[in-house]
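Hi,

Here is the structure I promised to pass on to you. Have a look at it first, and then read my notes underneath.

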Amino acid sequence: MRILEAAADTLMPHVPGLSREDLMALLELPPRPEMGDIAFPCFTLAKILRMSPATIAIDFADKLNIPGSNASVEGIRAVALGSYLNLFFEPKIWGLRIATDATKPKYGSSHAGYGKRVVIDLSSPNIAKPFGVGHLRSTVIGSALANLYAACGWDVVKVNHIGDWGTQFGKLMEAYRLWGNEDKLAIEPIRESLRLYVRFHEEAEGNPALVDAGRDWFRRLEQGDPEAERLWRYFVGVSMEEFERVYARLGVTFDHTLGESFYNDKMEPVVDELRAKGILEESDGAQVVRLEEEGLPPCLILKSNGTTIYPTRDLATAIYRKTVMDADRMLYVVGAEQALHFDQVFAVLRRLGHEWAVNCEHVPFGLMKIQGKKMSTRKGKVVFLDEVLDEAVQKALEAASKSNLHPDEAIHVAEAVGIGAVIFGDLRGNRMSEIDFALDEMLRFEGDTGPYVQYTHARTVRLIEKGKAAGITSLHLDGLEVFSSVSTDGWACLKTIDSFPDAVRDAVRLNEPSVVARHLLDLAKTFNRFYRNERILTNDTTESASRLHLTEAVGAVLRIGLGLLGLRAPERM
Ligand code: ARG
């Protein structure tokens with residue numbers, strides 16, 4: 001926050017024995033506007049100086065308020081209140097600085113990550129299984145994090161680690177041989193694959209031969225059998241096409257789409273290294289790495305039949321991301337149920353002496369339930385993401401058709417709002433909290449929703465257009481007079497705008513896009529209060545221009561913030 005930094009700089013010369021960081025950490029945002037904008041509690045200093053906090057506060061206020069003295073800072077007034085020194089920032093000086101900053105194109109960005117590369121593992125659905133709402137969470141959270149890291153100056157590499165290898169392919173191939181239909185598969189690849197997959201599991205229950213046949217197909221695939229490979233390629237191809245459509249709708253892109261199969265030939269060297277370093281041990285015929293010292297159960301590396309397994313692949317993947325992709329940091333945006341898996345993988349990397357493993361981080365998230373139900377692929381109880389998106393867009397379209405938008409525009413707006421509602425519904429809460437996917441609630445124009453933020457943004461655009469039509473723009477502003485009469489609500493908007501860069505930074509520090517989502521809700525609410533309580537366009541040109549300038553700054557921040565979260569910001573709704 002600009003005003004927080006200014007407060008620290010103001011106090012710094014008068015606070016012996018405290019670093020700027022210490023001082024920043026002590027500063028507080030007062031609970032009520034009449035207590036000023038920033039408060040400095042004098043308790044810590046009282047201990048250092050052996051004086052009462054109240055005396056220090058009075059002393060400080062005196063020093064800072066002598067006009068023209070070294071201590072006085074333009075636009076800041078100090079008031080002692082009990083043990084606190086309260087600082088009041090003059091909106092006409094600080095408001096202008098804040099609003100001017102906010103309307104610059106990259107407001108909120110920084111160079112904190114300059115020169116560093118982060119590889120983000122996101123989305124990573126499994127082939128021949130539907131792209132379920134669980135993978136939606138990874139896609140949406142991962143993609144927002146990618147934007148946020150980029151805004152903080154990081155070089156971001158997004159990787160989609162497709163689950164394109166595993167025993168499920170054997171099952172699918174056998175099911176396809178028995179009951180498959182090429183035409184159906186071509187039209188609805190994922191649904192048809194799922195039907196085959198589910199039928200396989202149903203029929204396999206009393207039929208061990210079927211299970212064996214599935215296993216046999218997978219063995220053929222691993223051994224490079226041409227027919228098995230042809231089928232595999234086909235299943236991967238049709239599924240990917242369907243995933244691509246979802247990504248396009250969500251506006252998500254990847255720098256690399258590398259399936260698990262990409263690491264097929266990269267695991268052997270890892271296993272060899274584990275063996276050479278004496279870390280690999282036998283356990284019931286399987287090969288494991290024991291991790292008692294880390295307080296973890298052993299990590300399985302090779303099954304008793306000698307085949308590799310999920311952790312083995314992730315070891316090879318991490319090493320690849322370090323050595324070939326040159327990652328300084330790695331994030332894995334994957335459900336919380338895989339926490340143990342990642343703990344084990346990172347622990348094995350450390351056992352291998354890879355100190356960079358400390359820069360690998362699992363970014364977990366809670367379950368997504370649909371009307372309280374958990375989803376299971378095996379039983380076919382899934383919700384198809386494209387259906388969910390269609391429904392969201394359809395509902396948004398009903399709303400958009402009631403507005404006076406041109407029908408063509410209404411369709412675009414509905415797509416932005418419907419999809420935005422789903423994205424925002426996923427991002428607004430802490431990622432670890434479970435979300436109940438309630439579409440009607442997410443689509444409401446009032447409440448903590450994406451459409452509410454989008455609607456507020458569209459409102460700012462409309463106000464500016466109205467101003468223009470009336471011949472008033474923020475260009476009418478004449479220097480420092482802009483915010484001289486700003487109201488409490490207006491000043492609250494400006495202060496919220498001022499803390500937007502902190503929200504971006506904190507979101508990255510915590511890997512938590514919800515920090516930005518909540519900031520936008522906060523800004524939208526503050527602005528709407530301002531909008532309700534005072535007219536923006538009045539007969540007074542300076543006043544109107546000033547309120548429009550504020551409106552413009554709010555709109556700019558909402559637009560930037562929505563963009564970072566992966567939502568579009570339609571100009572009209
Ligand atoms: N495909 C996996 C799943 O759906 C997620 C993969 C996550 N990424 C990884 N590097 N393990 O469970």
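Which residue in strand 9 stands opposite Val289? It is Cys299. Helices and strands here are DSSP runs, helices being H or I with at least four residues and strands E with at least two, and the numbering goes from the N terminus.

Before the rest, two notes on the ground rules. Residues are numbered from 1 along each chain as its sequence is written. The model is predicted, and local features need pLDDT of at least 70, side-chain atom pairs count only at pLDDT 80 or more, while totals for chains, interfaces and linings use all residues.

**The sheet with strand 9**

Strands 7, 8 and 9 make an open sheet of three strands in the order 7-8-9, and the pairing is antiparallel. Two strands are taken to pair if DSSP finds at least two bridges between them. Strand 7 (280–283) and strand 9 (299–302) each have a single partner strand, so these edge strands have one side left without a neighbour in the sheet. From one strand to the next, the twist averages 45°; for angles like this one, axes are lines fitted to C-alpha atoms (for helices, over the stretch in contact), and the values run from 0 to 180 degrees between N-to-C directions.

Strand 7 and strand 8 are joined by four bridges in the antiparallel sense, and Glu282 has Gln287 in strand 8 as its bridge partner. The two strands form a hairpin with two residues between them, and Asp284 in the turn has a positive phi of about 50°. On the other side of the pairing, strand 8 (residues 286–289) meets strand 9 over three antiparallel bridges, with Val288 opposite Leu300.

**The sheet with strands 1 to 3**

Another open sheet has three strands in the order 1-3-2, again with antiparallel pairing. Its edges are strand 1 (38–41) and strand 2 (76–81); each has a single partner strand, so one side of each lacks a neighbour in the sheet. Direction ignored, neighbouring strands of this sheet are turned by 25° against each other on average. Six bridges link strand 2 with strand 3 (residues 84–89), and Ala80 is paired with Leu85 in strand 3. Helix 4 (residues 53–65) packs on the sheet and touches strand 2 and strand 3, its direction making about 160° with that of strand 2. Contact between two residues means that their C-beta atoms, placed from the backbone, lie within 7 Å.

**Parallel pairings**

Strand 4 (residues 117–121) and strand 5 (residues 155–160) run parallel and share five bridges; Val119 has Val157 of strand 5 as its bridge partner. Strand 5 also pairs with strand 6 (residues 256–257), in the parallel sense over two bridges, and there Val159 is matched with His256.

**Helix packing**

Helix 6 (residues 133–151) packs against helix 16 (residues 407–427) at an angle of about 85°, their axes 10 Å apart. That makes the two helices, helix 6 and helix 16, roughly perpendicular, a term for angles of 65 to 115 degrees (under 35 is roughly parallel, over 145 roughly antiparallel and the rest oblique). Leu136, Arg137, Val140, Ile141 and Ala144 of helix 6 meet Ile423, Asp426 and Leu427 of helix 16. By class, this contact of helix 6 with helix 16 has six nonpolar, no polar and two charged residues. Here Ala, Val, Leu, Ile, Met, Phe, Trp, Tyr, Cys and Pro count as nonpolar, Asp, Glu, Lys and Arg as charged, and the others, Gly among them, as polar.

Helix 7 (residues 167–179) and helix 11 (residues 226–250) have axes that come within 11 Å and cross at roughly 100°. Phe169, Leu172, Met173 and Tyr176 of helix 7 make the contact with Ala228, Leu231, Trp232 and Phe235 of helix 11. The residues of this contact are eight nonpolar, no polar and no charged.

**Ligand and domains**

Around the ligand are Asp121, Ser124, Asn126, His161, Gly163, Asp314, Thr317, Tyr332 and Val334; a residue is near a molecule or strand if its C-beta atom, placed from the backbone, lies within 6 Å of it. This shell has two nonpolar, five polar and two charged residues.

Finally, the chain is divided into domain 1 (2–89), domain 2 (166–258) and domain 3 (394–565), with bounds that come from an automatic or database domain assignment. The centres of domain 2 and domain 3, taken over C-alpha atoms, are separated by 44 Å.

Best wishes
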